[in-house]
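Student: I am new to this structure and should be grateful for a close look at a single part of it. Please choose one residue and proceed outward from there.

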Amino acid sequence: MITLKPISILSEEMPMCIALEVYPEQEDYVANNAYSLAEAYEENKNHAETGKGEIAVPYAVYENDQMVGFAMYGYFFPDPEDDEAYDNQNPIYYFWRLLIDKNHQRRGIGCEVVRQVMDIIKEKPQGDAKYCYVSYVPDNIGSKTTFANYGFQEDGREIDGETVARYAL
Ligand SMILES: CC(C)(COP(=O)(O)OP(=O)(O)OC[C@H]1O[C@@H](n2cnc3c(N)ncnc32)[C@H](O)[C@@H]1OP(=O)(O)O)[C@@H](O)C(=O)NCCC(=O)NCCS
């Protein structure tokens, strides 16, 4: 059974999470989990102090008792200085990170995690938004297929060299 468990850089399980790995040829597709957990901590601290920026919601992915992956979504507030904003000046949900350990890929776990995270996002726990966005390196066929299977549709844009896809909430 695949389950999600909230995790942070301060969690007991943090060392296990940062030990998860992708194949060498996938390293350009996703940040490592140490970076993601540090980024989540910083963004949440900044948001708590200023009310601006992003709220990050990171999860460890378990198959039964074993940690096999990491997922993180964000709630992004409008940034008037960002001329490549995903949905103009509206807040959005963003499927920020998805990483399945190399020893557990191609077994349907990525698709199941997207389904479970989207169940959470559809409840709009951090606030309203019209869309959930994701972006991936154009040659990342695994990511493209995983999000397309759920119903994400590419919107024709490329931002920071990544293909943008979105799902209407
Ligand atoms: C992308 C990733 C999360 C997919 O997770 P997964 O558990 O392997 O995915 P699933 O087994 O659920 O497969 C989902 C679909 O993608 C396809 N797929 C997965 N990896 C693939 C690959 N390397 N090449 C081609 N297709 C791939 C599967 O065949 C399946 O398609 P299907 O349902 O049409 O058969 C995983 O490969 C990963 O962590 N990659 C490295 C990090 C990354 O790219 N993250 C996403 C950044 S946006």
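**A close look at Tyr94**

Tutor: Tyr94 counts as buried, because it has 21 C-beta neighbours inside 10 Å, and 20 or more are required for that label. The model in view is a predicted one. Tyr94 is located in strand E4, which runs over residues 92–100.

Consider next what surrounds this residue. Once the neighbours within four places in sequence are left aside, Tyr94 is in contact with Tyr73, Gly74, Phe76, Cys132 and Tyr133. One of these contacts joins distant parts of the sequence: Tyr94 and Cys132 are 38 residues apart along the chain, yet their C-alpha atoms are 5.2 Å apart in space.

These contacts lead to the core. The largest nonpolar core has 40 residues, and Tyr94 is among those with the most contacts inside it, together with Ala71, Met72 and Tyr73. Two or more residues of this core come from each of H2, E2, E3, E4, H3 and strand E5 (131–136). The largest share, eight residues, is supplied by E4, the strand in which Tyr94 is placed. In soluble globular proteins, nonpolar side chains tend to be buried together.

Strand E4 also has a part in covering a helix. Helix H2, residues 33–50, has 18 residues and reaches 25 Å from its first C-alpha to its last, close to the 26 Å expected at 1.5 Å a residue. Its buried residues include Asn33, Ser36, Leu37 and Ala40. These four cover an arc of only 95° around the axis, which puts them on the same side of H2. The cover over the buried residues of H2 includes E4, along with helix H1 (14–18), strand E2 (54–63) and strand E3 (66–76). On the face turned away from the buried side, H2 carries the exposed residues Tyr35, Lys45, Glu49 and Thr50. After H2 comes Gly51, whose phi is positive, near 75°.

Finally, E4 contributes to the surroundings of the ligand. Strand E4, helix H3 (109–122) and helix H4 (141–150) each give at least two residues to the shell around the ligand. The largest share of that shell, six residues, comes from H4. In total, 22 residues surround the ligand, and the closest are Tyr29, Gln105, Gly110, Cys111 and Gly142. By character, the shell divides into 10 nonpolar, 10 polar and two charged residues.

Conventions: Residues are numbered from 1 along each chain as its sequence is written. This is a predicted model: local features need pLDDT of at least 70, side-chain atom pairs count only at pLDDT 80 or more; totals for chains, interfaces and linings use all residues. A residue is near a molecule or strand if its C-beta atom, placed from the backbone, lies within 6 Å of it. Ala, Val, Leu, Ile, Met, Phe, Trp, Tyr, Cys and Pro count as nonpolar, Asp, Glu, Lys and Arg as charged, and the others, Gly among them, as polar. The expected span of a helix is 1.5 Å times one less than its number of residues. A residue is buried if 20 or more other C-beta atoms lie within 10 Å of its own, exposed if 12 or fewer, and partly exposed in between; C-beta atoms are placed from the backbone. The arc is that of the directions from the helix axis to the C-beta atoms. Two residues are in contact if their C-beta atoms, placed from the backbone, lie within 7 Å. A nonpolar core is a set of buried Ala, Val, Leu, Ile, Met, Phe, Trp, Tyr and Cys residues joined through C-beta atoms within 7 Å.
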